[in-house]
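Let's take a walk through this structure together, starting from a single residue and working outward. Please have the viewer open, and follow along as we go.

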Amino acid sequence: MKREEGASQACFAAICILTMAVWFWDLDGGTMEGWNSHLTQPVEVKPMFRVETRPPEEFVQVSGTKFNWRGKNFHFVGTNCYYAAMKAAEPETKHLSMHIFDGMEEMGLNVLRTWAFREGKRPQTMQPSPGVYSEASFLGLDWVVREAGRRGIKLILTLTDYWEEYGGMQQYVEWSRSAQVVEHFYTDDWCKRWYKMYVSAVLNRVNKFTGKRYKDDPTIMAWELANEARNERDPSGLVVQQWTAEMSAYVKSIDPFHLVTTGSEGFFGTSCPSCNPAEYYANLGVVTEQQHALEDIDYISAHLWPDIWLDEGLEHHNFAENWMTAQAHLGNQLNKPFVLGEFGKSPHGSQREEFFYSVLQSFLSVAQKGHSAGGILFWTLASSSYLDYGMCQLLHLLVGVVYLQTR
């Protein structure tokens with residue numbers, strides 16, 4: 001979802017999430033490469049030789065519609081925190097990231113989805129210019145990977161973003177000599193080259209705290225190619241599908257052990273237009289049934305934002321249940337797990353708490369019916385002192401105070 005500046009922050013004590021996590025578990029017993037400014041044409045970044053081999057048990061894997069870890073089915077209830085690496089990169093803000101891991105342990109959450117990118121001339125940027133990478137900012141990501149591993153938490157790392165707040169696709173387009181609009185990111189040779197260079201730098205990076213290359217670290221559960229990729233200039237979805245096929249194959253050529261997914265919102269094309277929030281969403285070039293059928297995409301990604309997607313007055317709870325059921329059915333058809341990678345709701349007192357509880361109950365119900373419901377991640381866990389999105393109202397429970405931030 002787009003991160004709106006000035007959006008309000010809500011805080012929510014998530015005893016329901018802690019409870020649902022318990023129920024859910026019971027379902028089943030780098031080298032930094034500089035950019036040569038003299039180049040007039042992009043040089044193709046070719047995939048490495050691909051070796052098919054069975055990953056060690058420490059890596060989360062898929063088997064049909066299930067995740068597996070250490071030889072057992074792996075279900076998860078987790079959270080998002082986009083700023084974990086950014087805040088960890090600075091000594092004066094590292095405590096904000098530490099609070100996230102403390103909160104996850106307190107709540108029993110076992111997967112964190114977070115950004116592994118930040119492009120352009122921004123604070124804590126990871127890629128200030130094409131092919132130039134900030135060691136100081138990468139140390140923040142190193143710390144996040146080390147801290148998650150130390151606490152037994154798995155990571156889903158997102159590699160770029162459709163939205164421009166932290167650079168993402170728009171920043172690649174602005175760097176390019178031939179792209180003009182964000183939709184050109186998927187086909188522009190410069191953008192694709194620089195994206196591949198960045199992916200290679202991340203996957204091959206040696207963590208300064210653990211001594212492991214990222215591609216060899218089982219703390220990382222999955223790579224997300226992009227957060228919420230869209231292309232309104234191609235409603236057919238073929239452009240995004242082709243980009244997804246190319247980039248997922250490239251990731252697998254470097255790192256055959258980790259899972260790869262899209263980071264998609266999950267809007268349907270012609271297979272189920274009525275499943276979408278409205279007719280408009282079938283024309284965003286997403287077409288989830290195409291993207292997730294690709295060989296190198298290991299599981300289905302979908303998000304859930306009824307406040308933003310639905311017209312005023314439409315019922316959110318029923319839509320949420322139908323949306324998750326449709327995604328799970330797609331998972332069954334493709335024989336892949338389904339993950340609800342984001343869900344949230346603008347703060348409106350008890351309605352928000354009821355919505356969270358309803359979503360978690362519906363997801364559990366889908367999983368209990370044997371559908372491909374592998375994991376769910378709420379948006380978002382934030383430190384109590386991270387108040388840049390407005391005021392925070394505290395709710396105290398015996399399990400402690402847990403803060404959920406939403407836009």
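With a relative accessibility of 47%, R70 counts as partly exposed, because that value falls between the 20% limit for buried and the 50% limit for exposed. Keep in mind that the model is a predicted one. To find R70, look at the loop that links β2 (66-69) with β3 (72-73). Which residues does R70 touch once its neighbours within four places in sequence are set aside? They are E57 and E58. For E57 you can also check the backbone: its C-alpha atom lies 4.7 Å from that of R70, although 13 residues separate the two along the chain.

Now let us step back to the whole protein. Its 407 residues are 60% buried, and its secondary structure consists of eleven helices and eleven strands. About 15700 Å² of surface is exposed, and 51% of this comes from carbon and sulfur atoms.

Next, look for the open sheet of eight strands. Reading across, the order is β8-β7-β6-β5-β4-β11-β10-β9, and the pairing is parallel. At the edges sit β8 (259-261) and β9 (300-304), each of which pairs on one side only. On average, neighbouring strands in this sheet are turned by 25° against each other, if direction is ignored. Inside the sheet, zoom in on β5 and β6: these two run parallel and are joined by five bridges. One residue pair to pick out here is L112 and its bridge partner in β6, L155.

From there, move on to helix α4, which covers residues 135-151. A quick geometry check works nicely here. The helix has 17 residues, and at 1.5 Å a residue it should span 24 Å; the C-alpha atoms at its ends are 24 Å apart, so the expected and modelled spans agree. Directly after α4 comes G152, with a positive phi of about 75°.

Which residues of α4 are buried? The list runs S137, F138, G140, L141, D142, W143, V144, V145, E147, A148 and R151. The elements that cover these buried residues include two strands we have just met, β5 (111-115) and β6 (154-158). Helices contribute to the cover too, among them α2 (84-88), α3 (94-107) and α6 (189-204). That brings the helix and the sheet into one view: β5 and β6, joined by their five bridges, are among the elements that cover the buried residues of α4.

Notes: Residues are numbered from 1 along each chain as its sequence is written. This is a predicted model: local features need pLDDT of at least 70, side-chain atom pairs count only at pLDDT 80 or more; totals for chains, interfaces and linings use all residues. Side-chain values use heavy atoms; hydrogens and water are left out. Helices (H or I, at least four residues) and strands (E, at least two) are DSSP runs, numbered from the N terminus. Buried means under 20% relative accessible area, exposed over 50%, partly exposed in between (1.4 Å probe, protein chains only). Contact means heavy atoms within 4.5 Å. The expected span of a helix is 1.5 Å times one less than its number of residues. Accessible areas come from the Shrake-Rupley method with a 1.4 Å probe; for residues, only the protein chains shown count as cover. Two strands pair if DSSP finds at least two bridges between them. Axes are lines fitted to C-alpha atoms, for helices over the stretch in contact, and angles run from 0 to 180 degrees between N-to-C directions.
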